[in-house]
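Here is a set of short exercises to try with the structure open beside you. Have a go at each task before you read the solution.

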Amino acid sequence: MTNAFNRLAPFIQEYIYHHQWTELRPVQTAACDVVFDTDAHLLIAAATAAGKTEAAFLPVLTVLHNQPATSIGALYIGPIKALINDQFERLNDLLKSANIPVYHWHGDVAQSRKNKVLQNPQGILQITPESLESLLVNKHKEILRLFGDLRFVVIDEIHAFMGTERGCQILCQLERLAHLTKTQPRRIGLSATLGDYSMAEDWLRSGTDKQVITPKVEAGKRQIKLALEHFYIKQDVDESEATAYEQYIFNLSESRKCLIFANNRTQTESIIASLRRIANQKAQPDIYHVHHGSISASLRQAAENAMREPNNPAVTAATLTLELGIDIGHLQRVIQLESPLSVASFLQRLGRAGRRDEAADMRFVCAENEVSLEAPLPEQIPWQLLQCIAIIQLYLEERWIEPIEPIKYPLSLLYHQTMSILVAEGAISPAALAKQVLSLSSFAAISQEDYKLLLRYLIDIGHIQHTEENKLILGLAGERIVNKFQFYAVFAENKEYTVKQGTKEIGSVVTPPVVGSQFALAGMTWEVTEVDFKKRVIIVKQVEGKATSYWRGGGGTIHTKVLQRMRQVLFEDTEYSYLQKNALLRLCKVRELVKKVGLDKQQVLQLEKNKCFIFPWMGTVSYRTLERLLNTFCRESLEISSIGGVNPYYLTVKLGKGKGQYLHQEIVSLCEQRIISEALVSYAEAPEMQKYDEFIPYPLLRKAFIYDHLDMDELREHWIS
């Protein structure tokens, strides 16, 4: 064992001997050196299953053992409840013989357990950002007692927070804690999927004066098994018969410990219902589970337990709720339906398998509806297949992962933190409120004038009230917002109906089906027997057959480099080794098609009378910018009657007779004119994109949209080059 091992607390050394570790992993040794020998923040960037959690907590627990804190000593912030629950069990196991308690705190934890922390704050507290916000608001006067001697903050899966309002919320919370306690705990960030370490280091140190050290650890060579297959989905098929697509996925997962990732909840429900039906027809056991945000906590826990159970097959279909670092034991295979949105997501999902020094086995399955040869060209291109290949190749060839851009104007969060501080303080002068809020690093771009505009607007709409003593307090309209538990989250939540079978909770749905109708949830079919609209409860009974449920899914942002690599996939002749028979045939077919129509030589094609197709090969933000450029400057000159398409793959433009030949040159000409993004948004326009945007004055919303959601520079670079 290394010198780092000798510096660890005796109970940790005992734990290591008991679990027969032969040595500390390189990332663990490096983390110990940083924690023990410096006062810097620490970024632990290493592959999945490299021992990042232990790398953070072995030295942190040693420090707390040697010098016990007089309050909570370490705060662990996780993105999802399931990950916190998982880490809670792991830490409890490690701390069995230590005098350091560990508590977890989120919406599913009983109040009696939370009271133990409040009564005797010590050890480690594992928490979500939403629950931490609740503490800052409701226990404001006790923050010093709870966190006065806080030494460390561990932020898990920091890539899931960076570039989001939720991540900005965490930074605000940590800076507010530091302000209230007059302490500056060291921060430790963990991630397996970071492309640009410097961006993550900047994020981690925000609002502090400490440097961040990222140990350079050589990643061991990892074996990966990849396969990608493609299917056409026929319309008007007998639902009692398994399709080739469903049978293929059944065969991939049969008698295995297998995780199926889908990009939305509807897909998870549909595939598990299909697999369960096939297994039933074959008289095989029901080993199928669904795991997403609308499934009840008990059923999600049942799925996690089944996946951890050694030597027993289990198949769970999940959204990103199981993408993050939950240890689900010996997973034999990961199946991805359609393409993940990003290389980062691909790596996270790949990392679920191969955690015991075995090859990581991941199978992609793309499906598309059968399309007529008479359909418009863009509808004949298998976009998901191309995106899968592009994402795989970007990782295999370059080890590239998307950089995460910071938000410049997180205005919804600005409203949220303003109201949160007001609730906690009770009454505060405008100057003191502005000083507190604008000192938070997440709001560095917000000027004094911007903030004055917001405060005046909130007073006008009754969210804030000005007292005779020149103090600001909550207004009646504001109280209605902050007095709901949903206030603590900066992301919008649907008001869903709870689905129950008797007293057992199954999950929730957004829209209540009518009595007698059927829908799918938790991979099973239910018939509605009663709807209580007042209590928002749906009573159901289980029935045979396959039904569907539909959840509106967020599209997400796709990076330009992914689209550029998709274009290369379409026009190069490479036959990628992981493509299965159908996928290779489909790729060859579409390559022939696009070369035949000349898409390899131009981005704008006029294949129908007065209709042009634009293939931008740019990411979500630049696509949005191009669409606005055409709408703003070309409507009249090109007599455009409609602009549509699928972001970010293609645009369909209907325009005046004979105008199509000028479309490409018009775009280039506009890019050469040095038009700025501000010119693409009208003065009356203020897109509401985040939870509290409806309470933001229009001039600020407009500014945020311009800076955070448009990119003329990238558009210009792409079309002029």
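**Exercise 1. Decide whether Glu338 is buried or exposed, then describe its place and backbone.**

Solution.
- Step 1: In this predicted model, Glu338 has a relative accessible area of 12%.
- Step 2: Buried means under 20%, so Glu338 is buried.
- Step 3: Now find its place: Glu338 sits in the loop between strand 12 (333-337) and helix 14 (343-350).
- Step 4: Look at the backbone. Glu338 is not a glycine, yet its phi is positive, near 65 degrees.

**Exercise 2. Do the same for Lys182: is it buried or exposed?**

Solution.
- Step 1: Lys182 belongs to the loop between helix 9 (165-181) and strand 6 (186-191).
- Step 2: Its phi is positive too, about 60 degrees, and Lys182 is not a glycine.
- Step 3: The relative accessible area of Lys182 is 67%.
- Step 4: Exposed means over 50%, so Lys182 is exposed.

**Exercise 3. Work out how strand 11 is placed among its neighbours, and why it can be called largely enclosed.**

Solution.
- Step 1: Strand 11 covers residues 314-318.
- Step 2: Sort its side chains by direction. Ala314, Thr316 and Ala318 point one way, while Val315 and Ala317 point the other way.
- Step 3: Five of the five residues are buried, so strand 11 is largely enclosed by the rest of the structure.
- Step 4: Look for partners. Strand 9 (residues 257-261) runs parallel to strand 11, joined by five bridges, and Leu259 stands opposite Thr316.
- Step 5: Strand 10 (residues 288-291) also pairs with strand 11 in the parallel sense, over four bridges. Here Val290 stands opposite Ala317.

**Exercise 4. Trace the partners of strand 22 and find the cis peptide bond in the loop that leads to strand 24.**

Solution.
- Step 1: Strand 22 spans residues 611-614; Lys611 and Phe613 point one way, Cys612 and Ile614 the other, and all are buried.
- Step 2: Strand 21 (residues 604-608) runs antiparallel to strand 22, with three bridges between them. In this pairing Glu608 has Lys611 as its bridge partner.
- Step 3: Strands 21 and 22 form a hairpin with two residues between the strands, where Asn610 takes a positive phi near 55 degrees.
- Step 4: Strand 24 (residues 650-654) is also antiparallel to strand 22, and four bridges join the two. The bridge partner of Cys612 in strand 24 is Val653.
- Step 5: Go to the loop between strand 23 (642-646) and strand 24, where Pro648 is found. The peptide bond joining Asn647 and Pro648 is cis, with omega about 5 degrees.

**Exercise 5. Find how much of helix 11 is covered, and what follows the helix.**

Solution.
- Step 1: Helix 11 runs over residues 244-253, and seven of its ten residues are buried, so it is mostly covered.
- Step 2: Check the list: the buried residues are Tyr245, Glu246, Tyr248, Ile249, Phe250, Leu252 and Ser253.
- Step 3: After helix 11 comes Ser255, with a positive phi near 60 degrees.

**Exercise 6. Locate Gln393 and Leu83, and say how accessible each of them is.**

Solution.
- Step 1: Gln393 is part of helix 15 (residues 383-398).
- Step 2: The relative accessibility of Gln393 is 9%, so it counts as buried.
- Step 3: Setting aside neighbours within four places in sequence, Gln393 is in contact with Glu398, Arg565, Tyr576 and Tyr578.
- Step 4: Leu83 lies in helix 5 (residues 81-94) and is buried, with a relative accessible area of 0%.
- Step 5: Gln126 is 43 residues away from Leu83 along the chain, and their C-alpha atoms are separated by 10.0 Å.

**Exercise 7. Step back and ask why the radius of gyration of the protein chain agrees with a compact globule.**

Solution.
- Step 1: For 721 residues, a compact globule would have a radius of gyration near 27 Å.
- Step 2: The protein chain has 27 Å, which agrees.
- Step 3: Along its principal axes, the C-alpha trace spans about 75 × 70 × 60 Å.
- Step 4: Of the 721 residues, 56% count as buried.
- Step 5: To finish, count the elements: the protein chain has 25 helices and 24 strands.

Note on methods. Residues numbered from 1 in each chain as written. Predicted model: local features only at pLDDT ≥ 70, side-chain atom pairs only at ≥ 80, totals over all residues. Heavy atoms only, no water. Rg over C-alpha atoms; globule rule 2.2 N^0.38 Å. Buried < 20%, exposed > 50% of the residue type's maximum accessible area, 1.4 Å probe, protein only. Pairing = 2+ DSSP bridges. Contact = heavy atoms within 4.5 Å.
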